[in-house]
Amino acid sequence: ERRRALRELRAIERQDNQGYLGYFSDQIDAATNAFSAGKADQALRIWRDMYTRYPDLCLISVKAFGLLIDLGRHDEADVLIQEGRRRYPRHRQLFAALFARVAYHRGDLDEALNRCEKLRRTFSQVADGYGIAATCLSDLGRQDEAEAMLELGVQKLPKNFDLSMRYAQAATRRLDWLQGLQRWE
């Protein structure tokens, strides 16, 4: 009976949150625009207000997490990812990708590479596992490995525009025009 009652409460809570989804999304967009305009304090204030009002929406929103990461709140994002994993186990791949993104933005490239490896092992169809790893490798000056990672990503996810574009850009950066042209096509 307790399980049934908890399921019913969660269902009611989801319905309540759905009614405010448009407002929530608009506020996160406003906070993102404030951050882009150099008003980080205002953006963080809006984010915190949304988290206070709608913690469940914040825990499963890529945009909300993206803003928190951009604001440099990496430790806070890690804690919320752990909370999200506990409360929303069916969103595991979202949290795994965000976990890797946080490490990259924190500047811990080795940790980001480890998290990307786990992401690729567990969810091979998530583009961030390849894209973030390639960016980390490139930042470490390991261009050949970065391009190989993009190639692996393109092989696994041939319809992913971002990975395909970055793979083509890698060839043109090397001034390999023939390979670049083939990849762009």
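This passage describes two helices of a predicted model, together with a pocket, the cysteines and two individual residues.

Helix 8, which runs over residues 109–122, has 14 residues that should span 20 Å at 1.5 Å a residue, and its end C-alpha atoms are indeed 20 Å apart, in agreement with that expectation. Its buried residues are Leu 109, Ala 112, Leu 113, Arg 115, Cys 116, Leu 119 and Arg 120. Because these residues cover an arc of only 165° around the axis, they are placed on the same side of helix 8. Asp 110, Lys 118 and Arg 121, by contrast, are exposed on the other side of helix 8. The buried residues of helix 8 are covered by elements that include helix 6 (74–87), helix 7 (92–106), helix 9 and helix 10.

Helix 10, formed by residues 143–156, likewise has 14 residues, and the distance of 20 Å from its first C-alpha to its last is close to the 20 Å expected at 1.5 Å a residue. In this helix the buried residues are Ala 146, Glu 147, Met 149, Leu 150, Gly 153 and Val 154. They lie on the same side of helix 10, because the arc they cover around the axis is only 155°. The exposed residues Asp 144 and Gln 155 are carried by the face of helix 10 that is turned away from its buried side. Packing against the buried residues of helix 10 are helix 8 (109–122), helix 9 (128–139), helix 11 (161–173) and helix 12 (177–184).

Some of the residues of helix 10 also take part in lining a pocket. The second largest pocket holds about 200 Å³ of space, and its lining consists of Ala 134, Thr 135, Ser 138, Gln 143, Ala 146, Glu 147, Leu 150, Arg 166, Ala 170, Arg 173 and Arg 174. At least two residues of this lining come from each of helix 9, helix 10 and helix 11, and helix 10 gives the most, with four residues. Ala 146, Glu 147 and Leu 150, which are among the buried residues of helix 10, are thus also found in the lining of the second largest pocket.

With regard to the cysteines, a search of the whole structure finds zero disulfides. Cys 116 is in no disulfide, and the nearest cysteine sulfur, which belongs to Cys 136, is 5.6 Å away. Cys 116 counts as buried, its relative accessibility being 0%, and Cys 58 is also buried, with a relative accessible area of 2%.

Two further residues were examined individually. Ala 127 is placed in the loop between helix 8 and helix 9. When its neighbours within four places in sequence are left aside, Ala 127 is in contact with Leu 157, Asn 160 and Leu 163. Ala 127 is separated from Leu 6 by 121 residues in sequence, and the two are 35 Å apart in space, C-alpha to C-alpha.

Asp 139 is located in helix 9, where its relative accessibility of 46% makes it count as partly exposed. Apart from residues up to four places away in sequence, Asp 139 touches Tyr 104 and Leu 109, of which Leu 109 is one of the buried residues of helix 8. Asp 139 and Ser 25, which are 114 residues apart in sequence, have C-alpha atoms 33 Å apart in space.

How values were computed: Residues numbered from 1 in each chain as written. Predicted model: local features only at pLDDT ≥ 70, side-chain atom pairs only at ≥ 80, totals over all residues. Heavy atoms only, no water. Expected span 1.5 Å × (residues − 1). Buried < 20%, exposed > 50% of the residue type's maximum accessible area, 1.4 Å probe, protein only. Arc of directions from axis to C-beta. Contact = heavy atoms within 4.5 Å. Disulfide = S-S within 2.5 Å. 1 Å grid on protein atoms, 1.4 Å probe; cavity = no way out; pocket = protein on both sides within 12 Å on 5 of 7 lines; lining within 4 Å. Points joined across faces, edges and corners; volume = space filled by probe spheres on them.
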